[in-house]
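Got your viewer open and ready? Let's take a walk through this structure, one selection at a time.

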Amino acid sequence: MDYFIELFFSGITRGAIYALIALGYTMVYGIIGLINFAHGEIYMIGAFTSFIVATVLSIYGFPLLAIVLLSGVAAVIWSSAYGYTVEKIAYKPLRHAPRLSPLISAIGMSIFLQNYVLLAQTSDFLPFPELIPDFPFMEPVAHIVGSSDLIILITTAIIMLILTFIIKFTRVGKAMRATAQDRTMAMLVGINVNQIISVTFIIGSALAAIGGLLIASHIGQINFYIGFLAGIKAFTAAVLGGIGSIPGAVLGSLVLGLTESFATGYVSSDYEDVFAFSLLVLILIFKPSGLLGKAETKKV
Amino acid sequence: MKLMKSKKILAAAAVMMMAMYAPVAGNAADTIKFGVAGPHSGDLASYGLPTVNAAKLVIDQVNAKGGINGKKIEMLIEDDVCKPEIATNTATKLVSEGAQVVLGHICSGATVAAMPIYRDAKILVMSPSATTDPLTYSGEYPNFFRTIAPNAAQSPTMADFALNKLGLTKIAVIHDKGDYGKPLAEGAKKAIDDSGKGKVVLFEGITPGAVDYSAIVQKIKQSGAEAVIFGGYHPEASKIVSMMKKKRLKAEFISDDGVKDDTFIKVAGKDAEGVYAVGPEDVTSNKMAMKAKEEHKAAFKSDPGAFFDGAYAATTVMLHAIEKAGSTDLDALKKVLQEEKVETPVGAINFDQKGDAVGVGYSMYQVQNGKYVVVK
């Protein structure tokens, strides 16, 4: 039973990590119907930014909490700037092009950003400072849930609630939903569609930056390639949960994380990916729009 | 008529091609083209760049003395980013540029992919670091040599250390499913099983690049293992070691020479303390090795990196063979390599029939106070 609980929390942690990235994927898809493959790279840039800021601040002897907050803020601003710019350069000119074009453009952007960081920074793995300390009150359960696991879980839950709130109950959220439903009509009733899409990208990138900070601190190392690998899994999780749905992204991530964890624990870690993707195939056969996704009806 | 015309064009084309070819052939006579292949960019560049430095140092010295048999040596440096699919392009490029001997490749997977191309071109290849067994044991690559001992020698060292030195009996063997890590882990498992002294309680492969290894660490804990033997590279090793500390798992961590790199200590930080790793035999007291290190410091203002000594040795013996053989003909080179012992930073070496260096082995190292030290 202990073993089951240990594996369960391993799976939940993994799921929460995927969810932090998957939320950004799903949000952008929900609003403009584009799979933003560069999202993983925005996450990676967030991790690098917080790495640089945290390293500089720790040299000047700032307290840990200040380092976490300041590097978090810096990462959010920097990543948002990248997300905003990527949208303006790579997606906006293609807004009326066939759906395949922005997808290819997104893959191009992803490769570009990876290599940009590779050249501008380094190809080596860098040791990411431990920004989340071991809390003393967690010690009795540290072998099951670590402090960083806990912080990631809480952050994911808070972000999911805030996002749901923004989209359901605020003016911007209403405008986002309108844009998602019918862009032309939204424009006719006076919504600045370009601005709304920019806001979507900024929010998505800010989430990725927070994810970058927390996940890098959890793993303890970063390099230019982390965004790609994590992005693929997060994207899978978003599809599993129903791409476009915010609770779906979190649910899908948790299901994926748990599947991988139990597959490792009870079968073999050699087949962890096999189980994860078999599950994806099964769910998509029976529920093509994912666990919580809405079936898309073609507009006439 | 039409046929005649096309024949004429063909002839013209042939003449033109020969004309284009001629200058290349002319160059080949003036210099000896020395290919260097390995990861020079990407996340494993730290494995490949020291080899380039080593080759530069040796070749500059030889060129300063007027080259070999009156010919200067020209370096052709090609990047394979440690990826098999790119390594075949790298090899093709080196062959078409006329490389006569090749130092490389660095990663085992990349070397295996590239070897058939060199074999067909009858080019001598010597690697300072590719340790996968089939390169020499399969007999498929008569043109392959290496200055590092093969994995087959690394696995028993790890197993023997855990069983006999540390006296542990329950061992988990983990690998990264790759060309380098998996055979190593399998070898260690076999050595443990054969010894009869211990038991492999867990044998599994992990997925490189995963965001979190807590599930596999919990499984290791569940298995009751006293030691973990890991076959793979340092990024995964440091993630597992850190996760073991986080999950309060106290087991010895023993790994291969892919982990015996200072980058591992840098990335894993204090979690690296106490980790054991197999590495090429300690040569710090070797006179040639000390001299090579000084040369590196003088030329590049830094300490040499991974596989530097092996690369320095490989360059030295290859140039020695070219000088003695008087050509770059594969059979003549092989004869010299097998028969004559040459003094190098990894000891006085010659090669056996398979292509492995005689007198090169492994030692066990441990991270103590942020440094790898030899475990006696």
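Here is a tour that goes from a whole chain to a helix pair, then to the place where chains touch and some single residues. Keep in mind that you're looking at a predicted model.

**Stop 1: chain A as a whole.** Select chain A and switch to cartoon view. You'll find eleven helices and two strands, in the order α-α-α-α-β-α-α-α-α-β-α-α-α along the sequence. Its radius of gyration is 19 Å, close to the 19 Å that the globule rule gives for 300 residues, so chain A is as compact as a globular protein of that length. Rotate the chain: along its principal axes, the C-alpha trace spans about 60 × 50 × 35 Å. Of its 300 residues, 51% count as buried.

**Stop 2: a helix pair in chain A.** Now pick residues 64–91 of chain A, helix α3, together with residues 193–219, helix α8. How far apart are their axes, and at what angle do the two helices pack? The axes are 7 Å apart and the angle is about 140°, which makes α3(A) oblique to α8(A). The crossing is right-handed. Turn on side chains to see who makes the contact: α3(A) brings residues including Ser71(A), Gly72(A), Ala75(A) and Tyr84(A), while α8(A) brings, among others, Phe201(A), Gly204(A), Ala208(A) and Leu213(A). By class, this contact has twelve nonpolar, nine polar and one charged residues.

**Stop 3: where chain B touches chain A.** Show both chains. The contact takes 30 residues from chain B and 32 residues from chain A. On chain B, look at α2 (45–64), β7 (199–205), α8 (214–223), α9 (234–246) and α10 (262–268), each of which supplies at least two residues. Which one gives the largest share? That's α8(B), with six residues. Colour this side of chain B by class and you get seven nonpolar, 13 polar and ten charged residues.

**Stop 4: backbone oddities in chain B.** Zoom in on His105(B), in the loop between β3 (101–103) and α4 (108–120). The peptide bond leading to it from Gly104(B) is cis, with omega near -15°.

Next, go to Asn69(B), in the loop between α2 and β2 (72–79). It isn't a glycine, yet its phi is positive, about 45°. Is Asn69(B) buried or exposed? It has 11 C-beta neighbours inside 10 Å, so Asn69(B) counts as exposed.

Finish at Phe307(B), in the loop between α11 (287–300) and α12 (308–325). Phe307(B) also has a positive phi, about 65°. With 27 C-beta neighbours inside 10 Å, however, Phe307(B) counts as buried.

Methods
Residues are numbered from 1 along each chain as its sequence is written. Chains are lettered from A and ligands numbered from 1 in the order in which they are written. This is a predicted model: local features need pLDDT of at least 70, side-chain atom pairs count only at pLDDT 80 or more; totals for chains, interfaces and linings use all residues. Axes are lines fitted to C-alpha atoms, for helices over the stretch in contact, and angles run from 0 to 180 degrees between N-to-C directions. Helices (H or I, at least four residues) and strands (E, at least two) are DSSP runs, numbered from the N terminus. Angles under 35 degrees count as roughly parallel, over 145 as roughly antiparallel, 65 to 115 as roughly perpendicular and the rest as oblique. A crossing is left-handed if the near helix is turned anticlockwise from the far one by less than a right angle, and right-handed if clockwise. Two residues are in contact if their C-beta atoms, placed from the backbone, lie within 7 Å. Ala, Val, Leu, Ile, Met, Phe, Trp, Tyr, Cys and Pro count as nonpolar, Asp, Glu, Lys and Arg as charged, and the others, Gly among them, as polar. The radius of gyration is taken over C-alpha atoms; the globule rule is 2.2 Å times the number of residues to the power 0.38. A residue is buried if 20 or more other C-beta atoms lie within 10 Å of its own, exposed if 12 or fewer, and partly exposed in between; C-beta atoms are placed from the backbone.
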